[in-house]
Structure formats: structure tokens, C-alpha cells
Amino acid sequence: MKRQVLTLAISATLALGASAATKTINVTLAPSDSAAVIAPEIYGQFTEHLGSCIYGGIWVGEDSPIPNTQGYRNDVLQAIRDLKVPVMRWPGGCFADEYHWEDGIGPKEERPRMINTNWGGTVEDNSFGTHEFLNLCEMLGVEPYISGNVGSGSVRELNEWVEYMTAPDGPQARRRMANGRKEPWHLKYLGIGNETWGCGGNMLPEYYADIYRQYATYCRNYPGNKLFKIASGSNGSDTNWTDVLMKKAHRHMDGISVHQYCVDNWNDKGQALEFTDDDYYWLMGKAYEMDGVLTDHSKVMDKYDPAKRVGLMVDEWGTWWNVEPGTNPGFLYQQNTLRDAMVAALTLNVFHNHADRVKMANIAQFANVLQAMLLTKDDKMVLTPTYYVFKSYIPHQGARHIPLTSDAPMLDVSKGRTVPEVSVTASEKDGVTTISLVNISLADKQTVNIDLAGIDASKVTGEIITASDVHAYNDFDRAEQVTLAPFKDAKIKKGVLTVEMPAHSIVTLSLTK
């Protein structure tokens, strides 16, 4: 698959501090039947026992005055449905490698309590466990992705968890039946450890490669269920980790993960709401760094797996700011501005360009934590700007990627990082061509001319995400400062789609005959 070609054409008039202007960018689509299909799982979510992601975010219990269905918040259930979430990762994160699944089954009043030593030292009562998670996924048609405990667990523990969830009969299956679930659940995705280079055990890659092979051997495929086994991959750009794992264990895995957050200084990550123009452009460059990270890991994987059988799974990504003032520092609660939405759209465009290798991504996290889709407070819920990006990009799920070329200039934003001033992605599914554009510039409008390269389309409809100020965000007293709005400034004439984009905006267009 051809990757997006971006032409360097920066001049003095493109300086970041330039006055507002309208520029012209030219894009040419190059449809190909051999291009990769964008895996729906790239739009996956991550739910960890962290802060109020689970408790209060998704789960309130059957006796809660907050409207719920079997303990799940009704408003959140609807938000998940509307987003067409394809896959959800649980129970962590760092929490996964201290989680012992047997604590989360059986009568709730008998489940042991534990201290969540990773996230705030709060008491975890295990009222949300295996049944609650898998029933949620089944209810909503979401593929569950279980992250297994390798750091503090055992081969036997994970082996028996898989049996409990997926076996039609046997000791653990009968235990499941005694707890009220007769039929096994379907479980495709199983992560064998999480961040084993860090909170998951501080292992070396050679050691983890052997441990992975051992655990993977005893994670059995029971009748009617085949596991997609995912190895704990590298921290960001650590390609040596990927090289060792692929060399020693790639025949035993279906996927390998990578985690990449938009952070440079872990001691002071910056504020979600207070940032300068320079901070904004730095972030855009950091987000686009994902392209290089995926390129480098893919090259390593290609050495051992040229057929691209093993998927690259970006199962943690997104922005990570200092917590909001006055909140528990271990709960990772942050606000979510239009700036975060720009990161989401830019990163999803990058994933599309690597759809031949990237088979899943799980933004961190779904509710109330980091770059969340939604925020809850008591019985209130608000959708974030990032939620609306994921919603507008739904047509790309399972669509065939359309390679393209663009003469969008590359902005030199910080520390040698660059980012295209306008990022464009396109796909086709069921006769509909979907094009999404991200105008990075804070000041300049963009005229984007897209040569449709023979695509038979005469009608165009669209949506836009923007605001007068890139600091804009949604909160409980102002829930729709940043949302989806109809977009009318696109037209098709003689095989060329012309789009007039405002500054700092995200536009998604649907083209039909």
C-alpha cells in the first residue's frame, strides 16, 4: 500500500505566526483494489479500573438511582451504541497485572476487596468483574479484549481464566455455570501481559519472549472459540523490544502491541486547558510522530513476517495531561478540548496509512480518564470533542483505504518534528467514498482541491468539528461547545472536489453518485 506523500513547500508566508490567509492544497486520490482494508478495531476503546472509568463511568450497580440497565448506565450504553465501538480492552493497563480474575466472580457481597496500588490507592470491591465486562460486550455487540495477568499471575491462573470464559465444559466451565452463565462467551482477543517492560514486571525482552511463549502455549482454543493472542510490545520507539519478540516468538503470536502517548516530560505533562500556540503546534508534531513509530516497528516486523500475518496493535494511545486541579492525582481525570480532537483525527489518519499492518488501536480511555470519549458526574454525562471525531469517522470502519498524494506543506513545529498543515485520508465502502481532512493551522483557511481520479461521484454531504477557539471544550454546564455540525463548503465539479476549510477544523465528507 502506498503511504501518503507529502511535499515539503514551506515558505516565509507559512510561518506559524503568519496572519490569517486562505491557501490552496492539491490532493490526488489513487484508488487501488489491492489497498488494505481499515480494520474497524482501529476505533477500539480502553477501559481500565482507574479513577471513575469503570465505577461511575460505565457501572453504577443495579440499585443506583442513576438510570441503568443491569447496573450499566443507560446514557453510556447509548453512547457506546452510537459510536459503534468495535472492541473494548479490559481490565488494564497496569491494573491488569495485579488483577486476579477469581476475585471478580461469584456473589458480589462475597468478592474480596483489594487496594488499587497503581491508581490512587482506592479500595476495589470487584463488583465489576468477568461476567459484568463480558455481558456488557455481548449486550452491545462489542468484541472483548482481555488483558491477562502475567506480572503477578501464573500460567495456571490465565489458563483457567480462558477456560472459565470460553470452554463448553470442564471444571472452570462448570464453575461459570454455577455463577449463572451456562453458555461460554466468545473471546477473540487476549493480551498476554501489559507493559511487561514497566509496570507489568520490569522484564527484559529476552526474558519476556520466553515467558510469552510459555503463557501462549497454555491459553487454549476451546471448541467454538479461537484466540487472537497479543504479545506485550514496546514502549514507543523501542524497536529493539519488537525485534527480540518477533525473532523469538512471532510464530506464537497473532499480534504485538505498542504504546505511544503524546508526552515528552512525564514529570510535567502540561495542562489540558491552559496552553499557548507553541504548545498546540508541539502537540500536533508529537501526535504525528506516531507515523514514524509505526513505520519503524513495521520495518522490524517485516524482517520476520513479510506476509504481515502478525498485527501491530496500538492498544494505548492519546493525550496525557496533568490532572485537573483539585482532582485525585491517581485518577488521571483531564478535560478534553478541540486540541485533543485534532490529535485524535490526525492520529486516526496515520493509522489508516498503516492499515496493512495496524490491526487494532485502543485510545486511552473511554470514560473520565485521559483522552476520554465522555465525562460523567453523578447522573450527568457529557460527550467530549474526541467522541465526535470517532463518531464522524465511523464510515471508515471496515472500508478500503484509498492511497493519495498531497502537496500540503510540512510545518516544522518543534524539536525537528514536522506535521502536514492539512492531513487527508480517504476510504471506500459500499459505493460511498469517505474523505476526512484536518486543517492543523490555527490561523489559515485552506482551499483543498481533491482530484477524484475517476471516482464516480456527484453528490457530497459533510460534517465539521471546530470552534472559534481551539481551547473550547464541553463540560456539564456547557455540553455542546464542540460538536458535529453540517458542512456545506464542499462541491464537486469536473471530477474535482473543492473543500473550503476553516482554521483548526476537522471535516468528513461522504461522496455518492
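**Figure 1. Asn202 sits in the loop between strand 10 (189-192) and helix 5 (205-218).** This close-up, like the others, comes from a predicted model. Asn202 is not a glycine, yet its phi is positive, at about 50 degrees. Is Asn202 buried or exposed? Its relative accessibility is 64%, so Asn202 counts as exposed.

**Figure 2. Asp378 also has a positive phi without being a glycine.** The phi of Asp378 is about 55 degrees. Asp378 lies in the loop between strand 15 (374-377) and strand 16 (380-383). Its relative accessible area is 59%. The cut-off for exposed is over 50%, so Asp378 is exposed.

**Figure 3. Confidence along the chain.** The mean pLDDT of the chain is 95. A pLDDT of 70 or more is reached by 96% of the residues. Residues 1-19 have pLDDT below 50. In the model this stretch has 49 contacts beyond near neighbours in sequence. Where pLDDT is low, predicted coordinates should not be read in detail.

**Figure 4. Eight strands close into a barrel.** The order is 3-6-9-10-11-12-13-14. Pairing in the barrel is parallel. From one strand to the next, the twist averages 30 degrees. Take strand 12 (residues 255-262) and strand 13 (residues 311-319): they run parallel and are joined by seven bridges. Within this pair, Tyr261 stands opposite Gly318 of strand 13.

**Figure 5. Two cis peptide bonds: Trp90 to Pro91, and Gly92 to Gly93.** For the bond joining Trp90 and Pro91, omega is about 5 degrees. For the bond joining Gly92 and Gly93, omega is about 10 degrees. Where does Pro91 lie? Pro91 is in the loop between strand 6 (87-90) and strand 7 (114-115). Gly93 is placed in the loop between strand 6 and strand 7 as well.

**Figure 6. Helix 6 (residues 239-249) and its cover.** Asp238 caps the N-terminal end of helix 6. A side-chain oxygen of Asp238 lies 3.3 Å from the backbone nitrogen of Asn240. Which residues of helix 6 are buried? They are Trp241, Thr242, Asp243, Val244, Leu245, Met246 and Ala249. In an α-helix there are 3.6 residues a turn, so residues three or four places apart point the same way. The cover over the buried residues of helix 6 includes helix 5, strand 11 (228-235), strand 12 and helix 7.

**Figure 7. Ala249 and its contacts.** Ala249 belongs to helix 6. Its relative accessible area is 0%. Buried means under 20%, so Ala249 is buried. Which residues does Ala249 contact, leaving aside neighbours within four places in sequence? They are Ala209, Tyr212 and Arg213. Val142 is 107 residues from Ala249 along the chain. The C-alpha atoms of Ala249 and Val142 are separated by 29 Å.

**Figure 8. Helix 7 (residues 277-304) and its start.** Helix 7 has 28 residues. At 1.5 Å a residue, they should span 40 Å. The end C-alpha atoms are 43 Å apart, which agrees. At the start of helix 7, a side-chain oxygen of Thr276 comes within 3.4 Å of the backbone nitrogen of Asp278. Asp278 itself lies in helix 7. With a relative accessible area of 57%, Asp278 is exposed. Val389 is 111 residues from Asp278 along the chain, and the C-alpha atoms of the two are separated by 23 Å.

**Figure 9. Strand 22 (residues 432-439) and its partners.** Strand 22 is mostly covered. Seven of its eight residues are buried. How many bridges join strand 21 (residues 422-429) to strand 22? There are eight, and the two strands run antiparallel. In this pair, Val422 stands opposite Asn439 of strand 22. The hairpin of strand 21 and strand 22 has two residues between the strands. Asp430 takes a positive phi there, near 55 degrees. Strand 22 also pairs with strand 28 (residues 505-512), through seven bridges. Strand 22 and strand 28 run antiparallel. Here Val438 stands opposite Ile506 of strand 28. Strands of a sheet pair through backbone hydrogen bonds, either parallel or antiparallel.

Methods. Residues numbered from 1 in each chain as written. Predicted model: local features only at pLDDT ≥ 70, side-chain atom pairs only at ≥ 80, totals over all residues. Heavy atoms only, no water. Helix = DSSP H or I, 4+ residues; strand = E, 2+ residues; numbered from the N terminus. Expected span 1.5 Å × (residues − 1). Polar contact = N/O pair within 3.5 Å; in protein donor to acceptor, adjacent residues only side chain to side chain. Buried < 20%, exposed > 50% of the residue type's maximum accessible area, 1.4 Å probe, protein only. Contact = heavy atoms within 4.5 Å. pLDDT = per-residue confidence, 0-100. Pairing = 2+ DSSP bridges. Axes fitted to C-alpha atoms, helices over the stretch in contact; angles between N-to-C directions.
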